[in-house]
Amino acid sequence: MTSIHSIQYLRALAACAVVFFHVSEQFGGPFDVGAAGVDIFFVISGFIMWVTTAGRPADPWRFMSRRITRIVPLYWIVTLLTAAGVLIKPQFFYGHFLSAANFAGSLFFVPVLQDDALHPVVIQGWTLCYEMMFYVVFSLVLFLGERWRFGVLVGALVAIVVLHFAFPPGRARAFTDPVVLEFAAGVVVGRWWLQGARLPFGAALAMAGAGFLMLAASPLVEADMPRVLCWGLPATLIVASAVFAEQARPFRPAALPSFLGDASYSIYLWHVVVGVLTTGVVLRIGLPVVFQPATILVGTIAFSAVLYLVVEKPLVALLHPQRPKGVVKTRSAAAAGAAE
């Protein structure tokens, strides 16, 4: 299998859900569950990192360097532009916190804390702090023999979460949040998938339905329920159901969701800055209030996707030149589907 199309679809869904969440929040809407797109991203990350490295020669240095060059350059660009926006029009960037310490910390994924949570200049960039921590742990595990990697990796992620309950409030406690278990869940799903586990198509659809129903019902759950249970568990069910359903019944991908999956990292990173610009345009032209949320939502996703073509894609091509077409690719995932 050279491509996992369902992963691309879920990446598109997750990115658009997060944009929907922020637009809903902007207008006082009820779509808080859209933030669970982040949890789907975390599970996908664990799945993809395991699937694309299992059964291949281990090269921890190359793995980490590729993760850095894939994630960091675009993040730094968005951080710089967000900081400039906060300085020029701070009233348009409500909730953002810019200081010299937070700017430097954000660039290196150790931002300041607000309410015991990571709060980088690019506010949605808190997720990348956990991603980079996961990549560091994963790269260290690659130094081990392959038969040890799964147990040590999952054990290390569980141990990190156990430490959360021993640390006092601060960065160490923030970085050991139980949300880290969502990466472990993705790794487990990836291992099962590679080992040839099977799930009937109907059962996979039922699992997906259960996951989405759990997300829909999450606003009814007590607010103090851990995120990893409230959103991480259904996110795991959704990702697992998608890859096993595709395994049971492969399909030809549609162009739009596949493209949005490719563009999901750009959509996620750019959408707050782009949303500010889109909101300004909507207000300037005097669009009736009833049309503003949908217009801002569609405009933000569309413009962020354009920035994928204009900024991210050329940047990736520069930093990750394509190998000759004759080179046999990994059996697990296409390059587009493997990149976070």
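A salt bridge, as the term is used here, is a side-chain nitrogen of Lys or Arg within 4 Å of a carboxyl oxygen of Asp or Glu. Side chains of opposite charge can pair when their charged atoms come close. With that in hand, we can walk through the structure above, which is a predicted model.

Let us begin with the charged pairs. The structure holds 2 salt bridges. One of them joins R227 to D39, and the closest N and O atoms of this pair are 3.0 Å apart. R227 belongs to helix α10 (residues 227–248) while D39 belongs to helix α2, so the bridge ties together parts that lie 188 residues apart in sequence. How exposed or buried are the two partners? R227 is partly exposed, because its relative accessible area is 25%, and that value falls between the limits of 20% for buried and 50% for exposed. D39 counts as buried, because its relative accessibility is 0%.

The other bridge is formed by R70 and E312, with 2.8 Å between the closest N and O atoms. This pair also links distant parts of the chain: R70 sits in helix α3 (residues 60–88), E312 sits in helix α13, and 242 residues separate them along the sequence. Both R70 and E312 are buried.

If you stay with helix α3, you will find I71 there as well. I71 counts as buried because its relative accessibility is 2%. Look from I71 across to V316: the two residues are 245 apart along the chain, and their C-alpha atoms are separated by 9.6 Å.

Helix α13 is worth following to the surface too. Which residues make the nonpolar patch there? L277, F303, V306, L309 and V310 form a nonpolar surface patch of about 440 Å². The largest share of this patch, 4 residues, comes from helix α13, which spans residues 292–319. V306 is placed in helix α13, and V306 is partly exposed because its relative accessible area is 39%. That matters for patch membership, because a patch residue needs over 30% relative accessible area.

Now return to helix α2, the home of D39. Two packed helices are described by the angle between their axes and the distance between the axes. The first neighbour to look at is helix α5 (residues 126–141): the axes of this helix and of helix α2 (residues 37–51) come within 11 Å and cross at roughly 20°. That makes α2 roughly parallel to α5, because angles under 35 degrees are counted that way. The crossing in which α2 passes α5 is right-handed.

Helix α8 (residues 181–194) also packs against α2, with the axes 7 Å apart and an angle of about 45°. At that angle, α2 is oblique to α8. The crossing of α2 and α8 is right-handed.

Next, some loops. Most residues other than glycine have a negative phi, and most peptide bonds are trans. Where can you find a positive phi in a residue other than glycine? D115 has such a value, near 55°. D116 has a positive phi of about 65°, and D116 is not a glycine either. D115 is found in the loop between β1 (113–114) and β2 (117–118), and D116 lies in the loop between β1 and β2. Are these two aspartates buried or exposed? D115 counts as exposed because its relative accessibility is 78%. D116 is exposed too, because its relative accessible area is 53%, and the limit for that class is over 50%.

Our last stop is F165, in the loop between α6 (146–164) and α7 (171–175). F165 counts as exposed because its relative accessibility is 62%. The C-alpha atom of F165 is separated by 8.9 Å from that of D177, a residue 12 positions away along the chain.

Definitions and conventions
Residues numbered from 1 in each chain as written. Predicted model: local features only at pLDDT ≥ 70, side-chain atom pairs only at ≥ 80, totals over all residues. Heavy atoms only, no water. Patch = residues over 30% accessible without salt bridge, like charges linked within 9 Å, V, L, I, M, F, W, Y side chains within 5 Å. Areas by Shrake-Rupley, 256 points an atom, 1.4 Å probe, with all protein chains shown as cover. Helix = DSSP H or I, 4+ residues; strand = E, 2+ residues; numbered from the N terminus. Buried < 20%, exposed > 50% of the residue type's maximum accessible area, 1.4 Å probe, protein only. Axes fitted to C-alpha atoms, helices over the stretch in contact; angles between N-to-C directions. Parallel < 35°, antiparallel > 145°, perpendicular 65-115°, else oblique. Left-handed = near helix turned anticlockwise from the far one by under 90°.
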